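Here is a friendly walk through a few local features of one protein chain. Have your viewer open and follow along.

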Amino acid sequence: MSTENLSDVKTGTDTSPEGADSVEYADSRETTEGRVYSVSGGDWDDVIADAAHDERMVINMGPQHPSTHGVLRLVLEMEGETVTQLRSVIGYLHTGIEKNCEYRTWTQGVTFVTRMDYLAPLSTEMAYCLGVEKLLQIEAPRRAQLLRVMLLEINRIGSHLVYIATGGMELGATTAMTLGFREREVVLHLLEHLTGLRMNHAFIRPGGLAQDMPEDYREKVTEFVKTMKERLPLYDKLFTGQPIWRNRLKGVGYLPVDACLALGVTGPVLRSAGLPWDLRKTEPYSCYDEFDFDVPVDNGADCWSRYLIRVHEMHESLKIIEQCLEKLEPGPVMVEDKKVAWPAQLSIGSDGMGNSLEHVKKIMGQSMESLIHHFKLVTEGFKVPAGQVYTSVESPRGELSAHLVSDGGTRPLRVHVREPSFVNLQSMPAMAEGGLVADVIAAIASIDPVMGGVDR
């Protein structure tokens with residue numbers, strides 16, 4: 001029998017009669033990619049033992065996944081059902097809003113920033129306009145300030161309803177989705193009646209509001225408050241006392257107060273960890289110090305606490321809206337300074353779109369100077385003194401701030417918004433790692449991120 005082609009015993013198994021009883025395992029060597037074997041049949045036990053601790057798989061969740069609030073991508077590294085590592089990948093909705101503001105007048109900037117957080121557009125408008133007014137050293141009239149508060153609280157209710165609707169849908173509670181969007185439609189109908197648009201209103205302007213409320217605003221707002229007071233208890237019946245809903249949220253997405261502070265997390269997520277930080281109370285703006293309302297706080301620091309806080313906040317917002325109606329008195333809704341007020345005494349036509357004939361006759365018939373002023377104010381805008389300012393408001397998602405820089409011209413030199421969704425999203429790994437993949441969905445829903453604000 002020829003043994004010329006038989007393997008050397010050092011690199012394989014010698015099958016010759018002499019080597020049949022002296023079987024040796026193949027050599028292994030370490031490489032940058034791990035251990036590599038020259039497998040010859042007798043070393044499978046070692047191979048399997050080496051791989052037993054590396055059974056991790058990488059899963060892409062999103063973008064455009066129904067459980068990631070749209071265009072958010074999550075890269076999950078998992079061992080079985082347990083998440084060992086999570087990375088948030090953003091930027092799929094980037095619109096360059098902040099940069100675009102540098103190429104528009106200060107007033108036109110409102111139409112850009114309102115599109116950041118498209119579930120709470122009035123909050124971004126408010127932070128931006130407060131900053132412009134601070135640079136101009138002006139203050140909106142009292143009626144405008146009270147109406148701003150009223151609109152912000154209506155908007156807050158609408159935003160929290162979307163949280164319940166989308167969060168419920170992602171966890172399989174389709175009833176939450178149908179009810180949440182039913183109530184939100186009531187909110188959008190009211191905002192459309194008051195401002196002219198369902199979303200992206202651009203209604204809060206530097207110096208006040210674009211225009212006064214319609215004549216029947218009191219009746220419409222009072223009817224809205226009555227409707228919401230009747231319907232909100234239904235959420236407690238359907239969800240707060242529901243054992244499946246409670247079990248899916250309780251103890252999930254835990255983030256204690258020290259972790260919130262380290263990560264800069266604000267809003268309901270911070271208040272769910274026991275810290276009553278709400279800028280409407282701690283650093284009041286626009287008459288908020290005159291209102292009687294509570295700041296809901298819990299110490300569960302989990303998804304369940306965040307749910308309870310948002311439901312409670314909707315009740316508190318209704319209290320603020322009622323107080324606004326009591327405090328409102330007739331008066332201007334824009335500053336008297338004609339060099340800032342834009343549009344100047346706008347009167348909308350019967351079609352609800354263009355200027356009324358009376359308004360056109362007025363600006364065309366008064367004098368050439370007034371027409372030129374109106375034209376220049378709209379096309380060029382007003383000058384804002386050089387300087388920089390940082391103003392903050394409490395949006396439904398947390399602390400929303402605008403950092404504005406002016407070089408003394410009619411356009412911003414720099415606009416930067418501290419968007420709470422963007423900051424809060426970095427808490428995802430802390431909430432999700434070590435938990436189950438099913439709990440990732442609950443955790444991200446409890447943060448309630450709006451990707452328009454994240455990617456702005």
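## How α5 and α17 pack

In this predicted model, α5 and α17 run roughly antiparallel to each other. The angle between them is about 175 degrees, and the cut-off for that label is anything over 145, so the description follows directly from the geometry. Their axes lie 9 Å apart. Helix α17 covers residues 437-447, while α5 spans 142-170.

Which residues bring the two helices together? From α5 come Tyr 163, Gly 167 and Glu 170, and they meet Ile 441, Ala 445 and Ser 446 of α17. By character, this contact divides into 3 nonpolar residues, 2 polar and 1 charged.

## Helix α6 and its cover

Next, please look at α6, which takes in residues 174-195. This helix has 22 residues, and from its first C-alpha to its last it reaches 31 Å, close to the 32 Å expected at 1.5 Å a residue.

Which of its residues are buried? The set includes Leu 179, Val 187, Leu 188, Leu 190, Leu 191 and Leu 194. Glu 183 and Arg 184 are buried too, as are Ala 176, Gly 180 and Thr 195. Among the elements covering these buried positions are α4 (121-136), α5 and α7 (217-240). Helix α5 thus appears twice in this report: it packs with α17, and it helps to cover α6.

## Positive phi values

Just after α6 comes Gly 196, with a positive phi of about 100 degrees. Further along, in the loop between α6 and β6 (204-205), you will find Ala 202. Although Ala 202 is not a glycine, its phi is positive, at about 50 degrees. Is Ala 202 buried or exposed? With a relative accessible area of 7%, Ala 202 is buried.

Ala 301 is another residue other than glycine with a positive phi, here near 60 degrees. The loop that holds Ala 301 sits between α11 (279-282) and α12 (303-327). Ala 301 is buried as well, with a relative accessible area of 3%.

## The β8 and β9 hairpin

Finally, turn to the strands β8 (residues 387-395) and β9 (residues 398-406). How do they pair? The pairing is antiparallel and extends over 9 bridges. The two strands form a hairpin, with 2 residues between them.

For a handy landmark across the pair, pick Val 389, which stands opposite Leu 404 in β9. As you step along, keep in mind that side chains in a regular strand alternate between the two faces of the sheet.

How values were computed
Residues are numbered from 1 along each chain as its sequence is written. This is a predicted model: local features need pLDDT of at least 70, side-chain atom pairs count only at pLDDT 80 or more; totals for chains, interfaces and linings use all residues. Side-chain values use heavy atoms; hydrogens and water are left out. Helices (H or I, at least four residues) and strands (E, at least two) are DSSP runs, numbered from the N terminus. The expected span of a helix is 1.5 Å times one less than its number of residues. Buried means under 20% relative accessible area, exposed over 50%, partly exposed in between (1.4 Å probe, protein chains only). Contact means heavy atoms within 4.5 Å. Axes are lines fitted to C-alpha atoms, for helices over the stretch in contact, and angles run from 0 to 180 degrees between N-to-C directions. Angles under 35 degrees count as roughly parallel, over 145 as roughly antiparallel, 65 to 115 as roughly perpendicular and the rest as oblique. Ala, Val, Leu, Ile, Met, Phe, Trp, Tyr, Cys and Pro count as nonpolar, Asp, Glu, Lys and Arg as charged, and the others, Gly among them, as polar. Two strands pair if DSSP finds at least two bridges between them.
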